[in-house]
Amino acid sequence: MSQRNKPFGYSMREHFNVGDLVQWKIYKVDGNTNDVSPNKMHGIITKIFEQKFGGRAVWVAKIFEATTAQFFEVNLLTLRLLKD
C-alpha cells in the first residue's frame, strides 16, 4: 500500500489500544476577549476505528472521559498515551 493510500493517522495506530489511558486538548475561546485556552482532557479508549472525513479515511479513537461522563471521537494524531 502506498503512503498516499494509507488512512490519516495510520502511523499512530500501532501505539494505541482499547483500554489505554490517554490525554488530549480541547481549545476554548473566550467570547469577550477572543483568548484561546487549552483544556486538558483525560479518558479511556473504548474503540479504535477508521472513519471517512471529506472522502479520506482517518484513524479515530472513541474515548470515555470520566469527569464529564461523555464520549469523544478524537483523531489518533492528537492523543498522548499516559503511562505509569
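This is a dialogue about how to read a few features of a predicted model.

Visitor: Where should I start with the strands, and in what order do they lie?

Guide: Start with the sheet. Five strands form an open sheet, and their order is β4-β3-β2-β1-β5. The pairing is antiparallel. At the edges stand β4 and β5 (80-81), each of which pairs on one side only.

Visitor: How many bridges join β1 to β2?

Guide: Nine bridges, in the antiparallel sense. For a single position, take Lys-25, which has Lys-40 of β2 opposite. The two strands form a hairpin with six residues between them. In that turn, Asn-34 has a positive phi of about 65 degrees.

Visitor: What lies between β2 and β3?

Guide: A turn of two residues, which makes these strands a hairpin. Gly-54 in this turn has a positive phi of about 60 degrees. The antiparallel pairing of β2 and β3 runs over nine bridges. Two positions show the register: Phe-53 stands opposite Arg-56 in β3, and Ile-48 has Ala-61 of β3 as its bridge partner.

Visitor: How many bridges join β3 to β4?

Guide: Six, and the two strands run antiparallel. One position to look at is Lys-62, whose bridge partner in β4 is Glu-73. Here the hairpin has four residues between the strands. Ala-69, in the turn, has a positive phi of about 55 degrees.

Visitor: Now the interior. What is the general idea behind a nonpolar core?

Guide: In soluble globular proteins, nonpolar side chains tend to be buried together. In this model, the largest nonpolar core has 13 residues. Those that touch the most other members are Trp-24, Ile-45, Ile-63 and Leu-79. The elements giving two or more residues to this core are β1 (21-29), β2 (36-53), β3 (56-65) and β4 (70-75).

Visitor: Is Ile-63 buried or exposed?

Guide: Ile-63 is in strand β3. It counts as buried because its relative accessibility is 0%, and the cut-off for buried is under 20%. Setting aside residues up to four places away in sequence, Ile-63 touches a long list of residues, including Val-22, Trp-24, Ile-45, Phe-71, Val-74 and Leu-79.

Visitor: What does Leu-79 touch?

Guide: Not counting neighbours within four places in sequence, Leu-79 is in contact with Phe-16, Val-22, Gln-23, Trp-24, Ile-45, Ala-61, Ile-63 and Val-74. Trp-24, Ile-45 and Ile-63 are names you have met among the core residues that touch the most other members.

Visitor: How should I compare distance in sequence with distance in space?

Guide: Read the two values side by side. Ile-63 and Lys-52 are eleven residues apart in sequence and 18 Å apart in space, C-alpha to C-alpha. For Ala-57 and Val-74, the values are 17 residues in sequence and 14 Å in space, again from C-alpha to C-alpha.

Visitor: Why does Ala-57 count as buried?

Guide: Ala-57, found in strand β3, counts as buried because its relative accessible area is 15%, and buried means under 20%. Beyond residues up to four places away in sequence, Ala-57 touches Pro-7, Phe-8, Glu-50, Gln-51 and Lys-52.

Visitor: Asn-75 has a polar side chain. Why does Asn-75 count as buried?

Guide: The same cut-off applies, under 20%. Asn-75 counts as buried because its relative accessibility is 18%. Asn-75 lies in strand β4. A polar atom of its side chain is 2.6 Å from the backbone nitrogen of Leu-77. Apart from neighbours within four places in sequence, the contacts of Asn-75 are Phe-8, Val-58, Trp-59 and Val-60.

Visitor: What about a charged residue such as Asp-20: which side chain of opposite charge is nearest?

Guide: That of Arg-13, at 7.3 Å. Asp-20 is buried yet has no salt bridge. A salt bridge needs the two charged groups within 4 Å.

Visitor: Which backbone nitrogen does the side chain of Asp-20 reach?

Guide: The backbone nitrogen of Asn-17, at 2.7 Å. Asp-20 itself lies in the segment before β1. Leaving out neighbours within four places in sequence, Asp-20 is in contact with His-15, Gly-43, Ile-44, Ile-45 and Leu-81.

Definitions and conventions:
Residues are numbered from 1 along each chain as its sequence is written. This is a predicted model: local features need pLDDT of at least 70, side-chain atom pairs count only at pLDDT 80 or more; totals for chains, interfaces and linings use all residues. Side-chain values use heavy atoms; hydrogens and water are left out. A nonpolar core is a set of buried Ala, Val, Leu, Ile, Met, Phe, Trp, Tyr and Cys residues joined through side-chain atoms within 4.5 Å. Buried means under 20% relative accessible area, exposed over 50%, partly exposed in between (1.4 Å probe, protein chains only). Contact means heavy atoms within 4.5 Å. Lys and Arg count as positive and Asp and Glu as negative; His and the chain ends are not counted. A polar contact is a pair of N or O atoms within 3.5 Å; within protein, one must be able to donate a hydrogen and the other to accept it, and residues adjacent in sequence count only if both atoms are side-chain atoms. Two strands pair if DSSP finds at least two bridges between them.
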